[in-house]
Amino acid sequence: MPYLVLYMGATRTQIYLTERKRTALDARRRREGKTLAAVVRDAIDAYLGVPATADVQRILDGSFGSIPDFKIPPRRDAWRKRERRLGLRG
C-alpha cells in the first residue's frame, strides 16, 4: 500500500500542559478543524511575532493613501466593450 511521508524539517518537542489548558486547546482545535500540533504551532507563531492576518491588515491600512496622486483609469470603455462582446448591448 503506497503512503506519503511529509518532512517538515522540524524538531519534535514535548511539553506538559495543565488539564485546563489541554481542554481549551482541544476545544479550539475542534472548532478550527485543526490538529493539536497545528494549533500549538499557530500559538507559537503568534508569540514569536510571525505576522498574522490582523497584522497584514494593519500594515495595509497604514499604507493607504501613500500615493495620493495615483490616478485610476476609468473602466467605462472596458465595460462597454465587454457588454458588446457578450451581446448585452448593441
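Here are some informal notes on this predicted model, taken point by point.

1. Overall make-up. The protein has 4 helices and 0 strands, and reading along the sequence gives the pattern α-α-α-α. So there is no sheet to look for here, since the strand count is 0. Helix 1 covers residues 19-32, helix 2 covers residues 36-48, and helix 4 covers residues 76-85.

2. Surface and burial. Of the 90 residues, 4% count as buried. The protein exposes about 9,200 Å², and carbon and sulfur atoms supply 58% of that area. Keep the low cut-off in mind when reading the burial figure: a residue is called buried because its relative accessible area is under 20%.

3. Helix 1. Does its length add up, and what should 14 residues span? At 1.5 Å a residue, helix 1 should span 20 Å. The C-alpha atoms at its ends are 20 Å apart, so expectation and model agree. Right after the helix comes Gly33, which has a positive phi, near 65°.

4. Helix 2. The same check works for this one: helix 2 has 13 residues and reaches 18 Å from its first C-alpha to its last, close to the 18 Å expected at 1.5 Å a residue. Gly49 follows helix 2, and its phi is positive too, near 95°.

5. Asp26 and Arg29. This pair sits within helix 1, 3 residues apart, or about one turn of the helix. An α-helix has 3.6 residues a turn, so residues three or four places apart point the same way. Asp26 and Arg29 form a salt bridge, with 3.2 Å between the closest N and O atoms. Is each partner buried or exposed? Asp26 counts as buried because its relative accessibility is 14%, whereas Arg29 is partly exposed at 27%.

6. Asp26 once more. Asp26 belongs to helix 1, and its C-alpha lies 6.8 Å from the C-alpha of Leu36, although the two residues are 10 apart along the chain.

7. The salt-bridge network. The count for the model is 5 salt bridges. Side chains of opposite charge can pair when their charged atoms come close. Which residues are linked in a network of salt bridges? They are Arg28, Glu32, Lys34 and Asp42. Within it, Lys34 pairs with Glu32 at 3.5 Å, N to O, and Lys34 also pairs with Asp42, where the closest N and O atoms are 2.4 Å apart.

8. How open that network is. Glu32 has a relative accessible area of 33%, so it is partly exposed. Lys34 is partly exposed as well, at 32%. Asp42 lands in the partly exposed class because its relative accessibility is 34%.

9. A nonpolar patch. Ile44, Tyr47 and Leu48 form a nonpolar patch on the surface, and together they have about 400 Å² of accessible area. Ile44 is placed in helix 2. Its relative accessibility is 43%, so Ile44 counts as partly exposed.

10. A positive patch. Which residues form the positive surface patch? Arg76, Arg80, Lys81 and Arg84 do. Arg76 is found in helix 4. With 51% relative accessibility, Arg76 counts as exposed, because the exposed class takes values over 50%.

11. What I'd look at in the viewer. Start with Lys34, which has salt bridges to Glu32 and to Asp42. Then turn to Asp26, a buried residue with a salt bridge to Arg29. Finish with the two surface patches, the nonpolar one that includes Tyr47 and the positive one that includes Arg80.

Notes: Residues are numbered from 1 along each chain as its sequence is written. This is a predicted model: local features need pLDDT of at least 70, side-chain atom pairs count only at pLDDT 80 or more; totals for chains, interfaces and linings use all residues. Side-chain values use heavy atoms; hydrogens and water are left out. Patches are made of residues with over 30% relative accessible area and no salt bridge: like charges are joined within 9 Å, nonpolar side chains (Val, Leu, Ile, Met, Phe, Trp, Tyr) within 5 Å. Accessible areas come from the Shrake-Rupley method with a 1.4 Å probe; for residues, only the protein chains shown count as cover. A salt bridge is a side-chain nitrogen of Lys or Arg within 4 Å of a carboxyl oxygen of Asp or Glu. Lys and Arg count as positive and Asp and Glu as negative; His and the chain ends are not counted. The place of a charge is taken as NZ of Lys, CZ of Arg, CG of Asp or CD of Glu. Helices (H or I, at least four residues) and strands (E, at least two) are DSSP runs, numbered from the N terminus. Buried means under 20% relative accessible area, exposed over 50%, partly exposed in between (1.4 Å probe, protein chains only). The expected span of a helix is 1.5 Å times one less than its number of residues.
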